[in-house]
Amino acid sequence: MASLIREWVGINTFASATQTKLLEMLGKLKQENVDTLTILVMGKGGVGKSSTINSIIGERAVSVNPFQSEAPRTVTVSRTRAGFTLNVIDTPGLIEGGYVNAQALEIIKRSLLNKTIDVLLYVDRLDAYRVDNLDKQVVKAITDSFGKGIWNRAFIVLTHAQLSPPDGLPYEDFYSKRSGALLKVVRVGAGLKKQDKKDFAIPVVLVENSGRCNKNEIDEKVLPNGIAWIPHLVKTITEVVLNGSKSIVVDKKLIEGPNPNERGKFLIPLILVFQYFFVVKRIERAIKNDIARESRPSWE
Ligand code: GDP
Ligand code: MG
């Protein structure tokens, strides 16, 4: 099958400064013995998942559709460059008619059987002003499917990042409010606890897929904050890959087994029994002993 994987020629369409940075980062990954990466792209419909994939690959690899919802299937795009293989998996939007599309999620899961997910891009738009229960449901559905650990391997991508914030709000303020709100919903939806904060430091990356994205003096696509976003996105991918957490292996157990976050719950009654005999009983005994010893109050 390897012979079918196409050369990643799209890199050549990037500004030469961007190309140099990307090849440097691929070199760094290879130094760390990473020569294949599989990136899963998920999120609601119409947020710019497919467009972001095309931007990264540098060609129209998957179809982009402004009005129609995608066919409920995943599409894997594979490209190689300098001994490095990149697989990017596009998925259908997870929301339909106001609910999480369980069937789409099932199709996504099954098509990932025997694959290893190295990175999850959770895509949404920067130019949205509210988060709601649906966002939480999408995150929860992803977590229920792949386990909480996927958020160690995830970051948030916000598209439509070339915007002028409403009410004259400075760009950085708008960005930090929007990303803060989304991060909060992700943490709640994924069931991440406060003490998980260090383990699950989820980065947020801005993206502008429009052909009208501004460029800097060396022809790199830049955002209103001056950041060349393609190198920044790829840098974040390498940081997530090298953060010491495990990739997600999608095996039969993960797909057919119990919800990975519920595993171990059967132990709870055993733990309660254990606590009763070894903790409660011991304390009771200690109190009884104390009472026996001090049958007469010391102040007497
Ligand atoms: P998907 O359903 O999440 O795969 O979203 P698509 O990639 O198909 O994008 C939906 C629509 O949004 C298309 O018309 C895209 O051209 C547009 N779009 C996606 N990303 C951006 C972006 O960063 N900026 C702008 N201006 N439009 C975008
Ligand atoms: Mg799409």
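How many salt bridges does the count come to? The count comes to 12. Keep in mind that what you're looking at is a predicted model, so let's walk through it with that in view, beginning with a few of those charged pairs.

Start at arginine 79, which sits in strand E3. Its salt-bridge partner is glutamate 59, and the closest N and O atoms of the two are 3.0 Å apart. Glutamate 59 belongs to the loop between H2 and E3, while arginine 79 is part of strand E3 (residues 75-81), so this pair ties together parts that are 20 residues apart in sequence. Is arginine 79 buried or exposed? Arginine 79 counts as buried, because its relative accessibility is 6% and the cut-off for buried is under 20%. The pair also has company: Arg6 joins Glu59 and Arg79 in a network of salt bridges. If you'd like a sense of distance from here, try alanine 128: it is 49 residues from arginine 79 in sequence, and their C-alpha atoms are 32 Å apart in space.

Another salt bridge links aspartate 127 with arginine 125, with the closest N and O atoms 2.8 Å apart. Aspartate 127 has a relative accessible area of 24%, which makes it partly exposed. Arginine 125 comes out as partly exposed too, at 28% relative accessibility.

For one more pair, head over to helix H6 (residues 229-241), where you'll find glutamate 239 and lysine 235. They form a salt bridge whose closest N and O atoms are 3.1 Å apart. Why are they separated by about one helical turn? Because they are 4 residues apart in the helix. Glutamate 239 is partly exposed at 44% relative accessibility, and lysine 235, with a relative accessible area of 42%, is partly exposed as well.

Now for the ligand. Which residues come nearest to ligand 1? Out of the 18 residues around it, those are Gly46, Lys49, Ser51, Glu208 and Asn209. Sorted by class, the shell is made of 10 polar, 4 nonpolar and 4 charged residues. Helix H2 (residues 49-57) supplies the largest share of that shell, with 3 residues.

Zoom in and you can follow a run of contacts to oxygen atoms of the ligand. Glycine 48 has a backbone N or O atom 3.0 Å from an oxygen atom of ligand 1. For lysine 49, again through a backbone N or O atom, the distance to a ligand oxygen is 2.8 Å. Serine 50 uses its side chain instead, placing a polar atom 2.9 Å from an oxygen atom of ligand 1. On its own, ligand 1 would expose 570 Å², and the protein buries 80% of that.

Next, a couple of backbone oddities. Most residues other than glycine have a negative phi. Asparagine 114 goes the other way: its phi is positive, about 70°, although it is not a glycine. You'll find asparagine 114 in the loop between helix H3 (102-111) and strand E7 (116-117). With 64% relative accessibility, asparagine 114 counts as exposed. Histidine 160 also has a positive phi, near 55°. Histidine 160 lies in a loop as well, the one between strand E9 (154-159) and helix H5 (171-189), and it is partly exposed, with a relative accessible area of 32%.

Moving along the chain, look for proline 258 in the loop between helix H7 (252-256) and H8. Its relative accessible area is 49%, so proline 258 counts as partly exposed. Which residue is 114 residues away from proline 258 in sequence but 9.2 Å away in space, C-alpha to C-alpha? That would be aspartate 144.

Let's finish on the surface. A nonpolar patch of about 950 Å² is built from ten side chains you can pick out one by one: Val273, Phe274, Tyr276, Phe277, Phe278, Val279, Val280, Ile283, Ile287 and Ile291. Take valine 279 as an example: its place is in helix H8 (residues 267-293). Valine 279 is partly exposed, because its relative accessible area is 38%, which falls between the 20% and 50% cut-offs.

Conventions: Residues are numbered from 1 along each chain as its sequence is written. Chains are lettered from A and ligands numbered from 1 in the order in which they are written. Side-chain values use heavy atoms; hydrogens and water are left out. Patches are made of residues with over 30% relative accessible area and no salt bridge: like charges are joined within 9 Å, nonpolar side chains (Val, Leu, Ile, Met, Phe, Trp, Tyr) within 5 Å. Accessible areas come from the Shrake-Rupley method with a 1.4 Å probe; for residues, only the protein chains shown count as cover. A salt bridge is a side-chain nitrogen of Lys or Arg within 4 Å of a carboxyl oxygen of Asp or Glu. Helices (H or I, at least four residues) and strands (E, at least two) are DSSP runs, numbered from the N terminus. Buried means under 20% relative accessible area, exposed over 50%, partly exposed in between (1.4 Å probe, protein chains only). A residue is near a molecule or strand if one of its heavy atoms lies within 4 Å of it. A polar contact is a pair of N or O atoms within 3.5 Å; within protein, one must be able to donate a hydrogen and the other to accept it, and residues adjacent in sequence count only if both atoms are side-chain atoms. Ala, Val, Leu, Ile, Met, Phe, Trp, Tyr, Cys and Pro count as nonpolar, Asp, Glu, Lys and Arg as charged, and the others, Gly among them, as polar.
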